[in-house]
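Colleague: I have a model open and would like to learn how to read it feature by feature. Could you walk me through it?

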Amino acid sequence: MISEELTNIYQLLLDRFGPQHWWPGQTTFEIITGAILTQNTNWTNVEKAIKNLKAADCLTPEKLHRLDPNRLAELIKPAGYFNIKAKRLKNFLSWLFENYDGILDNLDNVDTDTLRTELLAIKGIGPETADSILLYALNREIFVIDAYTARVACRHHLIDPPADYHQLQDLFQSNLPQDIKLFNEYHALLVRAGKQFCRPKAGCSGCPLENLPHSTDIECL
DNA sequence: GACCAGGCACATC
DNA sequence: GATGTGCATGGT
């Protein structure tokens, strides 16, 4: 049964690594900003960019919305792709101000499906970023899929590759209790384990899932 | 110096 | 619909 395997994997990861305390960030907006900045980027680089934004006292929707785009790009430079990410942050803010008066609390009245559709319509926000925002910033019952999640699921035969984003998301959402805290911790643990044991050329030796059935030569996503 | 990182949009076939 | 490419910094 898939649900039992998923629960087993979760417990093994939690036992080994403990709670991951995701998402690092003190405010809803900081989490959203981090979700955009971390696209294909190491988190330590994102932290530098966020630190710059805080030091410039710019980490609120109003201030970032008003900030000069070139200045914004300058501040987020350490996160890489700074020109395109500056645009993406601006795109998000334009949407927020045009539709919700720039107030994140106003999103509370919107149902999750509608919100997800609207987020995906913003240029620069794809499935993973939208779902990270929904789960970690807005506390919605959405399971985030990323490259690590895909690798673990495929290597452990939970799903047949090639599996697309929606198939993977359905795997977790349909076979786990609809629990925000569980979704939060599970994804964070998958990333934690994936960084160490499920990178393209990393070995499985020492992985808490090492004794479960798996194939090391399967890639996914 | 090569490879990777908590993606996404766009061009081309 | 699948595949390839640009975007860019910083750590290992």
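**Reading the model, feature by feature**

Modeller: Gladly. Six residues of domain 1 touch six residues of domain 2. On the domain 1 side, the residues in that contact divide into four nonpolar, one polar and one charged. Please keep in mind that this is a predicted model.

Colleague: Which stretches of chain A make up the two domains?

Modeller: Domain 1 is made of 2–21 + 144–197, while domain 2 covers 28–137. Taken over C-alpha atoms, the centres of domain 1 and domain 2 are 25 Å apart.

Colleague: On to the DNA. Which residues are the closest to DNA strand B?

Modeller: The closest are Gln39, Asn40, Gly126, Glu128 and Thr129, out of 28 residues that surround DNA strand B. It helps to ask next which elements supply that surface. Helix 2, helix 8 and helix 11 (180–197) each supply at least two residues, and helix 8 gives the most, with four. By class, the surface near DNA strand B has eleven nonpolar, eleven polar and six charged residues.

Colleague: And what surrounds DNA strand C?

Modeller: The list is Asn40, Thr41, Asn42, Thr44, Asn45, Lys77, Pro78, Gly80, Tyr81, Phe82, Asn83 and Ile84. Two elements, helix 3 (43–55) and helix 6 (82–100), give two or more residues to this surface. Helix 6 has the largest share, three residues. The classes near DNA strand C are four nonpolar, seven polar and one charged. Asn40 is a name to mark on your display: it is among the closest residues to DNA strand B and also appears around DNA strand C.

Colleague: Glu128 was in the DNA strand B list. Where does Glu128 sit, and is it buried or exposed?

Modeller: Glu128 belongs to helix 8 (residues 127–137). For burial, count the C-beta atoms around a residue: 20 or more within 10 Å makes it buried, and 12 or fewer makes it exposed. Glu128 has 19 others within 10 Å, so it is partly exposed.

Colleague: Which residues does Glu128 contact beyond its neighbours within four places in sequence?

Modeller: Those contacts are Val144, Ile145 and Asp146. You can set that beside the domain bounds: domain 1 includes 144–197, and domain 2 is 28–137. As a further distance to check on screen, the C-alpha atoms of Glu128 and Leu171 are separated by 15 Å, with their positions 43 residues apart along the chain.

Colleague: How should I read a helix such as helix 6? What is its span, and what is expected?

Modeller: Start with the length. Helix 6 has 19 residues and reaches 26 Å from its first C-alpha to its last, close to the 27 Å expected at 1.5 Å a residue. Then look at burial: Lys85, Ala86, Leu89, Phe92, Leu93 and Leu96 are buried. Seen down the axis, these buried residues fall within an arc of 125°, so they line one face of helix 6. Glu98 and Asn99 are exposed on the other side.

Colleague: What covers the buried residues of helix 6?

Modeller: The cover includes helix 2 (28–37), helix 4 (61–66) and helix 5 (69–75). Helix 2 is also one of the elements supplying the surface near DNA strand B.

Colleague: Last topic, the backbone. What should catch my eye there?

Modeller: Most residues other than glycine have a negative phi, and most peptide bonds are trans. Just after helix 6, Asp101 takes a positive phi of about 55°. Tyr81, in the loop between helix 5 and helix 6, has a phi near 45°. With 16 C-beta neighbours inside 10 Å, Tyr81 counts as partly exposed, and it is one of the residues around DNA strand C. Asn139, in the loop between helix 8 and helix 9, has a positive phi of about 55°. Asn139 is partly exposed too, with 13 C-beta neighbours inside 10 Å.

Colleague: Where are the cis peptide bonds you would show me?

Modeller: One runs from Trp22 to Trp23, with omega near -5°. Trp23 lies in the loop between helix 1 (2–17) and helix 2. Another joins Pro161 and Pro162, where omega is about 0°. Pro162 is placed in the loop between helix 9 (147–155) and helix 10 (165–175).

Definitions and conventions:
Residues are numbered from 1 along each chain as its sequence is written. Chains are lettered from A and ligands numbered from 1 in the order in which they are written. This is a predicted model: local features need pLDDT of at least 70, side-chain atom pairs count only at pLDDT 80 or more; totals for chains, interfaces and linings use all residues. A residue is near a molecule or strand if its C-beta atom, placed from the backbone, lies within 6 Å of it. Ala, Val, Leu, Ile, Met, Phe, Trp, Tyr, Cys and Pro count as nonpolar, Asp, Glu, Lys and Arg as charged, and the others, Gly among them, as polar. Domain bounds come from an automatic or database domain assignment. Two residues are in contact if their C-beta atoms, placed from the backbone, lie within 7 Å. The expected span of a helix is 1.5 Å times one less than its number of residues. The arc is that of the directions from the helix axis to the C-beta atoms.
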